[in-house]
Amino acid sequence: MLKFKLIDIKKTLDGQFYGNPDNEFDKLLTDSRKTVKYHESLYIALDGKQHDGHKFISELYKKGIRSFIICKEIKTENYPEASFLLVNNSVNALQLLASIKRSQYQKPLLAITGSNGKTVVKEWLSHILSPYYNITRSPKSFNSQIGVPLSLWLISKSTDMAIIEAGISEPNEMERLEKIIKPTVGIFTNIGAAHQANFESENQKITEKFKLFANCDTVICKYDYKNYLKNKNTNCITWSDTEKNASVFVNKIEKHHSYSKLFIVLNNDKYEIDIPFTDDGSIENAISCFTYITHIFPKPDEQIIRRFSSLPGVEMRLQTIDAINNSILTNDSYNSDINSLEIALDYLNQKKANKTSILILSDILQNSDEEDKFYKSVSKLIAEKSIDKLITIGETIQKYKSYFSKDTAFYTNTEDFLTDIVLSNFYNSAILLKGARDFKFENISKILQSKSHESNLEINLSLMRENLLYFRSTLEPKTKIMAMVKAFSYGSGYREVAAFLQHNRIDYLTVAYTDEGVELRKRGIITPIMVMNPSAKDFKTMIDYDLEPEIYSIALLLALVKELESGKTTDFAIHVKINTGMNRLGINENEVLDFCEIVKASNKINILSVFSHLAGSDSNKFDDFTHKQTELFSKVYDKITSITGHKPIRHILNSAGIIRFPQYQFEMVRLGIGLYGLLENLTDKTEQVTTFKSVISQTHIVEAGESISYNRSGKATNQIRTATIPVGYADGIDRRLGNGNWHFIINGQKAYTIGDICMDMCMVEITEIKANVGDEVIVFGNQNNISKMAQILDTISYEVITGISERIKRVYIEE
């Protein structure tokens, strides 16, 4: 790949150059946490309200990066070997940098936009056209103001066709993207509700998206949208299933059990296309692909038509679950190219902590003329990402054994691997499955996962990140965040959530008990951890594992002093809990003097923070009491600082308090239930991150007069159809939700419970719903959320979410 020097492009980027003029780069880095070839990379320090990439320059310089784009003055003399380009805006500089790469590419560039389907159409076109072109495309959903320039940077001399996604969330964004993408051909997929709140109307949103095509030679869209194309010199190729004047007319659609057949008319020629999907969205995406194909091949031949029958499922997110022998398993069959492999390996390294990283990789579909070069690049990437163990499956990759390490295991097919597998070899491992669809890696996943329960609690870490960013946006930049991962991270699984929060640079974690903190340390968590309910007998363990206790009484403090005096530990961090009215745990005001004198007499204790707990921050009827609590807290804090002579961190706000009382954020806040999006009564800026899913085990026709469940509690007044779902009160489904008091979502429709909830099962009525055995069931999610369930049960969301049994498999997904 062509190498660049900052000094050569300073005029284009309108920047001021400092440092070593000889440093070269050919890779871009905006996320300091990624593992890359540091000495070949340029780091762009992005700056935002709650994020300052300049903080990580020192860390990255130590790792080997020597080229930096910055938008703040820093002490460049501290980095004598580095090159710096100071610009006004780092994002603008990144886009201008991508423009340089774009100007060097003279072959077709396809840009795709729309509300839905952008990524699917991109991936399907790559699948269909890969035998004919060497395609470079946006990784995953890299379609933002930052993602687009990073995608363009991947274009190389060998690229025959580039496919770039472009997405916007508000007006005036698309014009900026059009200037750097400069597409020759465009596809508009469809319009939907995403980001509608930021636009005056749907018409405005479509108009904004069509600005991507201002200078295109050709645009593909549904017939309904053709009038949004303003450039009359642009060739518009349309499709429709109702308008025969469209360029591509879909005469008929037949939906079968596992596939759809499309009957298409093109220039009086008739085509029949099979696709392995039956949903309307996939059918539209396939038609968009076919319409684009007609632009390249006016008369598509049978070979191209056949490729539609093998269109892959496109997972928009990575999924991680607990696996055997204290391992975790990530299944990514999303893409079959080196860019997606790099993303997946970065994700694996993010998750691994202190585990052994194992990659199970199948053959990757590739133009045979490029195989040798391609697998050489794959081997270099795997070495660069420091993967501990590689297992390959497929005949093609075996031909290039010499490129991989000597301890790599090679198998011809998945069946051979499953026959040979030794499960004890997968101990304390982070496993990534990266397999093409034909290799059926789902069979490997079934063997390696630790729980086989058909139901699962899905935790969307991407939504959790958005929730975290929202709360960060409400705080002053210097305010720290302590995240609560007690109670199994509110039922979400504390190990995975803690690792996620650590990756997102949370300042502190909090657990309820010492053994939870020990477990996190054993899992590679190095973020500071406060223990809320320490026991005196656990102090030695807490010292050994660098855990910081909440000290809430003089008796507990004396026990700690005694333990510290018997060892060599000094400056041991503690967090002092003040009782300001919750009357649960805490030092009372009249005990502060004695408490501080004990601390002063010991030279081994460091009061790192002083905090208290608000009793009613989520309700305005307790606002006067909240203010009184905070007054008392400040009074006690001042007394502590006066006696001890130093000022520890203060924190009193919980999730509700952060929203309602930002004036009391002090130096740190504690974020708990808000991280999980369960504060509907206080904000609409967060989303519920958990979805409880199950399946239909069996269906029944129940005649009038017959009964359902124990005690004949459910009665059929007419003939009805019921479905049995394999979850019950042992899984956290409260018995009070039976007998029509709650509804599940099946195929988008409400299915109300009928009869009593059983221990391991429950029944719902599906008389008016088209549903079969194996269909997905949403126990709670967006349409039937946890807050509504809590209202029905006359309780709080905390109780519902923490009550989900640990026998329910936790599945972690991330965009």
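**A buried threonine, two cores and a helix pair**

Thr136 is buried in this predicted model, because its relative accessible area is 9% and anything under 20% counts as buried. The residue belongs to strand 7, which spans residues 135-137. Beyond its neighbours within four places in sequence, Thr136 is in contact with Leu154, Ile155, Thr159, Met161, Ala162 and Ile163.

From this single residue, the view can widen to the nonpolar interior. The largest nonpolar core holds 108 residues, and Leu501 and Phe780 are the members that touch the most others. For Phe780, with residues up to four places away in sequence not counted, the partners are Leu457, Gln688, Thr690, Thr691, Phe692, Trp742, Ile786, Met789, Val800, Ile801 and Ile804. A second core, separate from the largest one, has 38 residues, among them Val248, Ile296, Ile304 and Phe308.

Leu501 also leads to a pair of packed helices, as this residue is part of the contact between helix 15 and helix 17. Helix 15 covers residues 461-473 and helix 17 covers residues 494-503; their axes lie 11 Å apart, at an angle of about 50°. That angle falls outside the ranges for roughly parallel, roughly antiparallel and roughly perpendicular, so the two helices are oblique to each other. The crossing of helix 15 past helix 17 is right-handed. On the side of helix 15, the contact is made by Leu461, Met464, Arg465 and Leu468, and helix 17 contributes Glu496, Val497, Phe500 and Leu501. Six of these contact residues are nonpolar and two are charged, while none is polar.

Note on methods:
Residues numbered from 1 in each chain as written. Predicted model: local features only at pLDDT ≥ 70, side-chain atom pairs only at ≥ 80, totals over all residues. Heavy atoms only, no water. Core = buried A, V, L, I, M, F, W, Y, C linked by side-chain atoms within 4.5 Å. Buried < 20%, exposed > 50% of the residue type's maximum accessible area, 1.4 Å probe, protein only. Contact = heavy atoms within 4.5 Å. Helix = DSSP H or I, 4+ residues; strand = E, 2+ residues; numbered from the N terminus. Axes fitted to C-alpha atoms, helices over the stretch in contact; angles between N-to-C directions. Parallel < 35°, antiparallel > 145°, perpendicular 65-115°, else oblique. Left-handed = near helix turned anticlockwise from the far one by under 90°. Nonpolar A, V, L, I, M, F, W, Y, C, P; charged D, E, K, R; others polar.
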